[in-house]
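Subject: Handing over a structure

Hi,

Here is the structure I promised to pass on. Have a look at it first, and then read my notes underneath.

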Amino acid sequence: MFLDSDNKKVNNNDEQKIVSDREHRSGSSRSSGSSKSSSKTSLKRKIKKRKKLLLNFSLILALIIVIALLLILAPGRKVDLSIAAPDTAPESQASSLNDTIGIKLPVFDDEVYLVGDAAVALYNAGEDIHVPDLLAKYSEEGERLDVGVPVRLSFEIDSLPANCSVSFAEVEVSDDASFANCRIFELHDGYAVNVPHLKTGTDYHYRINLSLSNGQEMSFQSTFKTAATPRILSIDGAVNVRDIGGWETTDGRKIKQGLLYRGSELDGAVKTNNDISEKGQRDMLTVLGIKTDLDLRDESVNASDMHALGANVRHEYFNAPMYEEVFKPQNNEKVRRIFAQLAREDNYPIYLHCTHGADRTGTICYLLEALLGMSDEDIVREYELTALYYSSITRDLLVEFQEQLGKMNGNTTQEKVENYLLSVGITEQEMEDIRSIFLEE
């Protein structure tokens, strides 16, 4: 059955009537059965052909609609959606039913790097690299290399409903598709924001939420992935700050990010430039969520009872040894106290530091990373990242420390550190607690 432009139906009864009229007008004496059969067959072929054409047209139309929808919903493409007026909208807003909003989301074809070129080069360098020579290629007067790079999310809105404007805009960013525990950035000047302090090697979801002056609320979302590099952070008023997480262990597990940050002093007690600002303090408390300050300096450096991160952060001093000095018997208790604190899950996230975050901090982190099972090469490379700030740091400073550690019982660096920590009073359970806290399943 074929449906013509006037929606009239041509059926078999009509066909029979047409054939009968033709026979009557001709007055033919030929057999009517043969003529009727021929006419019916010809008309049926025409109807069948029209049905086939209609079916093909319907299939092509459906395919075009599906392709259009895929292009509209693809990440990074221009989104063009109809905006329905609210149920309570006055008649003057009824025209918005046919209006659209056009927005372009950022497109991330590649992984996003959160560190500069110097950090990437050092991270990927071979064992025999001379760090100062490598970094000299990237150094410019007055430019720091120990900095994190934020992810920039920039949006373009190129069409809005008639007589309508954006009254509010914000961006949510989360490493969870459900946007649990997301960070929220309100947009004031244009539709762009720099998102700092993200984790490396992580899939992120983001969405921009818009409130329009006509009462409509719209959301558009997409994703990006950060590259797997060391996680270096730019904290205003501090230097040499980084997360020890993100590295793999020799058994294929990963050290969790967001648990232990290492860096410089925050109170400017020794080096006046290392004096955290209000913004830096806010980032450490609200973004990094620091609960405990493990201060490897001597308590005498602070003449007051005021601490840089405030009264709500527990602050402990240790006057820690560095390099081969950790193996002297008089320092056993200091090392024991530090690792006992690292075994307490309720202390995390922790900020671990000395003055520059280099020698004492580097020594304790070396022992911790070995306990967790990082390879010797990665432990040394993580130590050398301090050269991005403190260029005099080289693996030459580790030689005597490594020689003393090598005298401990054990076949691997991890076993030697375990036996050393047992010798200073850390228990098997405490070491297991530390691994449980830091290592992903």
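Below is what I found in it, going from the whole chain to single residues.

Some ground rules before you start. This is a predicted model, so local features are kept at pLDDT of at least 70 and side-chain atom pairs at pLDDT 80 or more, while totals for chains, interfaces and linings use all residues. Residue numbers start from 1 along each chain as its sequence is written, and side-chain values use heavy atoms, with hydrogens and water left out.

**The whole protein**

The protein has 11 helices and 15 strands. These are DSSP runs numbered from the N terminus: H or I over at least four residues for a helix, E over at least two for a strand. Of the 441 residues, 40% are buried; that means under 20% relative accessible area, with exposed being over 50% and partly exposed in between (1.4 Å probe, protein chains only). About 24000 Å² of the protein is exposed, and carbon and sulfur atoms supply 47% of that. Those areas come from the Shrake-Rupley method with a 1.4 Å probe, and for residues only the protein chains shown count as cover. Take the contacts between residues at least 6 apart in sequence: 67% of them join residues at least 24 apart. A contact here is heavy atoms within 4.5 Å.

**Two sheets**

One open sheet has four strands, ordered β6-β5-β8-β9, with antiparallel pairing. Strands count as paired if DSSP finds at least two bridges between them. β6 and β9 (217–225) are the edges, each pairing on one side only. On average, neighbouring strands in this sheet are turned by 20 degrees against each other, direction ignored. If you want a spot to zoom in on, β8 (residues 203–212) and β9 pair over nine bridges in the antiparallel sense, and I208 has F220 in β9 as its bridge partner.

Another open sheet has six strands in the order β10-β11-β12-β15-β13-β14, and its pairing is mixed. Its edge strands are β10 (231–232) and β14 (314–317), each with pairing on one side only. β13 (residues 292–295) and β14 run parallel and are joined by four bridges. Look there for L294, which stands opposite E316 in β14.

**Two helix crossings**

How do α6 and α10 cross? The axes of α6 (residues 332–342) and α10 (residues 413–424) come within 8 Å and cross at roughly 110 degrees, so the two helices are roughly perpendicular to each other. Axes are lines fitted to C-alpha atoms, for helices over the stretch in contact, and angles run from 0 to 180 degrees between N-to-C directions. For the wording: under 35 degrees is roughly parallel, over 145 roughly antiparallel, 65 to 115 roughly perpendicular, and the rest oblique. On the α6 side you'll find N332, V335, R336 and F339, which meet Y420, L421, S423 and V424 of α10. By class, this contact has five nonpolar, two polar and one charged residues. (Nonpolar is Ala, Val, Leu, Ile, Met, Phe, Trp, Tyr, Cys and Pro; charged is Asp, Glu, Lys and Arg; the others, Gly among them, are polar.)

The axes of α7 (residues 359–372) and α11 (residues 428–438) come within 10 Å and cross at roughly 85 degrees, so α7 and α11 are also roughly perpendicular to each other. L368, L371 and L372 of α7 make this contact with M431, I434, R435 and F438 of α11. Here the classes are six nonpolar, no polar and one charged.

**Some backbone oddities**

Most residues other than glycine have a negative phi, and most peptide bonds are trans. Here are some exceptions to look up.

- F179 isn't a glycine, but its phi is positive, about 65 degrees. This residue sits in the loop between β5 (166–174) and β6 (183–186) and is buried, at 6% relative accessible area.
- N319 also has a positive phi, near 45 degrees. You'll find N319 in the loop between β14 and α6, partly exposed at 31% relative accessibility.
- Y348 and P349 are joined by a cis peptide bond, with omega about 0 degrees. P349 is in the loop between α6 and β15 (350–353).

Have fun looking around!
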